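Me: Please take a close look at the ligand site in this model, and then follow the aromatic pairs and the backbone outward from there. Keep it plain, and give the cut-offs for the terms.

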Amino acid sequence: MKPTFYVTTPIYYVNGAPHVGHAYTTIAADVMARWKRLDGYDVFFLTGTDEHGQKVEKAAADAGMPPQLFVDGISAQFQAMTARMGSSNDAFIRTTEERHKVTCSALWERVAEAGDIYLGGYEGWYAIRDEAFYGADELVDSPGGKLAPTGAPVEWVTEPSYFFRLAAWQERLLAFYEANPDFLAPSSTRNEVLSFVRGGLTDLSISRTSFTWGIPVPGDPAHVMYVWFDALTNYITALGYPAKDADLWRFWPADLHLVGKEIARFHMVFWPAFLMSAGIAPPRRVFANGWLTIEGEKMSKSVGNVIDPMALADELGLDAVRFYLMREVPFGNDGNYSRRALIGRMNTELANDLGNLAQRSLSLLAKNCDGKLPPVGPTTEDDAALRAMAAALPDALRARLDRQAIGDGIEEVWKVIRAGNSYIDKQAPWALRKTDIDRMGSVLRVLADVLRVAATVLQPVMPDSMAAMLDQLGVPPDRRLLADLATALPDGTVLPAPQGVFPRHVEATA
Ligand code: ME8
């Protein structure tokens with residue numbers, strides 16, 4: 001039986017259209033899902049939309065629409081973005097689905113039975129934009145009033161509320177982090193979360209009564225569940241909880257929740273506490289990605305500096321966008337989005353480095369080898385060195401992608417591609433054509449084999465272009481897993497006519 005791998009994105013709020021920030025986490029999760037499938041895992045990849053709560057209710061009211069109609073429209077936009085980004089998600093969950101109500105109610109009841117829920121009254125600060133409660137000591141004064149540390153305006157809330165006994169979970173959470181050192185990542189976020197929990201936890205308000213757009217609390221429908229209790233539960237709704245005999249339950253606990261760093265606390269503190277209280281195993285790892293910024297500011301709906309990922313993919317090609325986003329910024333760090341840098345990488349790394357290496361090798365094979373894969377000839381030191389670098393790629397990527405160091409993994413491939421370009425320049429197969437035709441064949445065979453490895457391991461990042469490259473290298477569609485690299489392609493494999501995979505982009509001048 002294949003080992004399982006369950007990866008998720010956050011479920012996105014449907015208060016506005018999707019932007020490149022959302023596409024970023026979705027693409028990273030897709031790279032992880034595709035990588036694990038390539039490595040022989042049985043993968044479940046979930047994404048979706050977070051549709052309840054005050055923020056969404058307010059956005060619907062501002063649009064003059066009934067909330068359900070409003071969320072249906074925006075969720076459809078997120079589904080379209082997901083598909084356009086090439087996401088291979090196995091499911092798309094919406095929190096307004098009936099099955100989610102069932103799961104949330106079941107989880108609530110289990111936590112209540114464990115004695116972790118009590119009725120009280122909340123009096124304090126709430127930021128609708130963050131859907132989060134804040135302590136007075138966390139707020140900063142501004143001319144327009146008090147602000148949350150995220151810059152979101154806060155309001156004073158007084159209402160009856162159910163509470164989760166989070167304070168009582170402090171020691172158990174710290175013991176859990178201690179026993180599971182991979183749970184909190186990357187280290188910057190890990191340190192923040194550890195110091196937050198060590199600083200002491202207060203009980204968490206988990207229901208609201210001042211609005212109605214949410215899931216009713218079991219037995220007390222005057223309350224709706226706090227939107228984060230509702231939202232986090234999506235990860236187990238999708239697997240069929242509470243029906244533990246559901247086929248998909250074999251994917252729990254999740255192997256990887258990818259989230260933006262601003263929502264690390266919800267996933268790293270509240271979520272494992274809710275689960276442990278209900279007697280459910282917590283996820284294995286939560287990794288917080290950094291922020292894509294534009295001129296130093298986080299790309300976000302509230303700042304209004306957003307870029308449409310679908311328009312970008314239409315204009316520059318999806319794989320160039322995916323490549324840029326995964327390559328440019330070390331995953332986990334903040335980094336600036338720049339159109340210039342995107343086009344720069346497209347032209348240098350894709351068109352020049354990889355595209356040219358493939359195009360030069362494949363067109364020589366087409367012209368001089370009858371479009372067939374030549375046999376492996378006597379191996380020189382240069383051949384062996386390049387082959388060894390390529391052969392090391394699967395392990396090198398595995399080690400990096402297991403830590404979500406996606407950009408580092410790509411760099412390993414580029415080391416091989418750069419070495420491949422030096423190799424072709426040094427061996428000069430175009431000159432060997434006249435002096436030593438057998439050696440020319442051997443050189444081209446080395447290049448074809450090395451390109452096959454590079455294209456195989458790059459499939460998760462650039463699925464369409466690497467499929468096209470593997471077609472041209474004569475690799476059958478059912479022989480494109482990492483395990484297939486152990487078997488050489490037969491000599492004489494017919495190669496289809498080569499076609500450039502990566503176009504150069506020249507900016508129109510105004
Ligand atoms: O927080 N840079 O939804 P949301 C990097 N519904 N990532 C970004 C980004 C940026 N500039 N902007 C958005 C929510 N993201 C909740 C989640 S989960 C149970 C509930 C990504 O619509 C990043 O993953 O505000 C971030 O955490 C997420 O989109 C926030 O989406």
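Reply: The ligand shell comes next, followed by the rings, two single residues and the backbone.

The model is predicted, so local features need pLDDT of at least 70, side-chain atom pairs count only at pLDDT 80 or more, and totals for chains, interfaces and linings use all residues. Residues are numbered from 1 along each chain as its sequence is written, and side-chain values use heavy atoms, with hydrogens and water left out.

The ligand is surrounded by 27 residues, the closest being Ile11, Thr25, Asp50, Glu262 and Leu292; a residue is near the ligand if one of its heavy atoms lies within 4 Å of it. By class, the shell holds 14 nonpolar, nine polar and four charged residues. Here Ala, Val, Leu, Ile, Met, Phe, Trp, Tyr, Cys and Pro count as nonpolar, Asp, Glu, Lys and Arg as charged, and the others, Gly among them, as polar.

Three polar contacts can be described. A polar contact is a pair of N or O atoms within 3.5 Å; within protein, one must be able to donate a hydrogen and the other to accept it, and residues adjacent in sequence count only if both atoms are side-chain atoms. The side chain of threonine 25 has an N or O atom 2.7 Å from an oxygen atom of the ligand. For glutamate 262, a polar side-chain atom is 2.8 Å from a ligand oxygen atom. At glycine 260 a polar backbone atom is involved, 2.9 Å from an oxygen atom of the ligand. The ligand taken alone exposes 670 Å², and the protein buries 96% of that; accessible areas come from the Shrake-Rupley method with a 1.4 Å probe, and for residues only the protein chains shown count as cover. Two or more residues of the shell come from each of β1 (4-13), α1 (20-38), α7 (227-232), α8 (234-237) and β14 (256-260). Helices (H or I, at least four residues) and strands (E, at least two) are DSSP runs, numbered from the N terminus.

Next, the rings. Rings of Phe, Tyr and Trp (its six-membered ring) pair if their centres lie within 6.5 Å; planes under 30 degrees apart count as stacked, over 60 as edge-to-face and the rest as tilted. The count by this rule is 28 aromatic pairs. One of them joins phenylalanine 5 and tyrosine 41 edge-to-face, with 6.4 Å between centres and 75 degrees between planes. Phenylalanine 5 is in strand β1 and tyrosine 41 in the loop between α1 and β2 (42-50), so this pair ties together parts 36 residues apart in sequence. Phenylalanine 5 is buried at 7% relative accessibility, while tyrosine 41 is partly exposed at 23%; buried means under 20% relative accessible area, exposed over 50%, and partly exposed in between (1.4 Å probe, protein chains only).

Another pair, tryptophan 228 with phenylalanine 266, is stacked: the centres are 3.9 Å apart and the planes differ by 10 degrees. Because tryptophan 228 lies in helix α7 and phenylalanine 266 in helix α9 (residues 264-277), this pair ties together parts 38 residues apart in sequence. Both tryptophan 228 and phenylalanine 266 are buried. Ring pairs also link a cluster made of Tyr6, Phe44, Tyr235, Tyr241, Trp249, Phe251, Trp252 and Trp271.

Charges sit over two of the rings mentioned here or nearby in the text. The charged end of lysine 36 is over the ring of tyrosine 41, 4.2 Å from its centre, and lysine 261 lies over the face of tryptophan 291, 4.6 Å from the ring centre. The rule asks for NZ of Lys or CZ of Arg within 6 Å of the ring centre and within 35 degrees of the ring normal.Two single residues follow. Serine 465, in helix α18 (residues 463-472), is buried at 8% relative accessible area, and its side chain makes a polar contact of 2.4 Å with the side chain of aspartate 319. Glycine 355, in helix α12 (residues 339-368), has its C-alpha atom 5.7 Å from that of phenylalanine 502, 147 residues apart along the chain.

Last, the backbone. Most residues other than glycine have a negative phi, and most peptide bonds are trans. The bond joining alanine 185 and proline 186 is cis, with omega about -5 degrees, and so is the bond from tyrosine 241 to proline 242, with omega near 10 degrees. Glutamine 404 is not a glycine, yet has a positive phi of about 60 degrees; glutamine 404 is also buried, at 3% relative accessibility.
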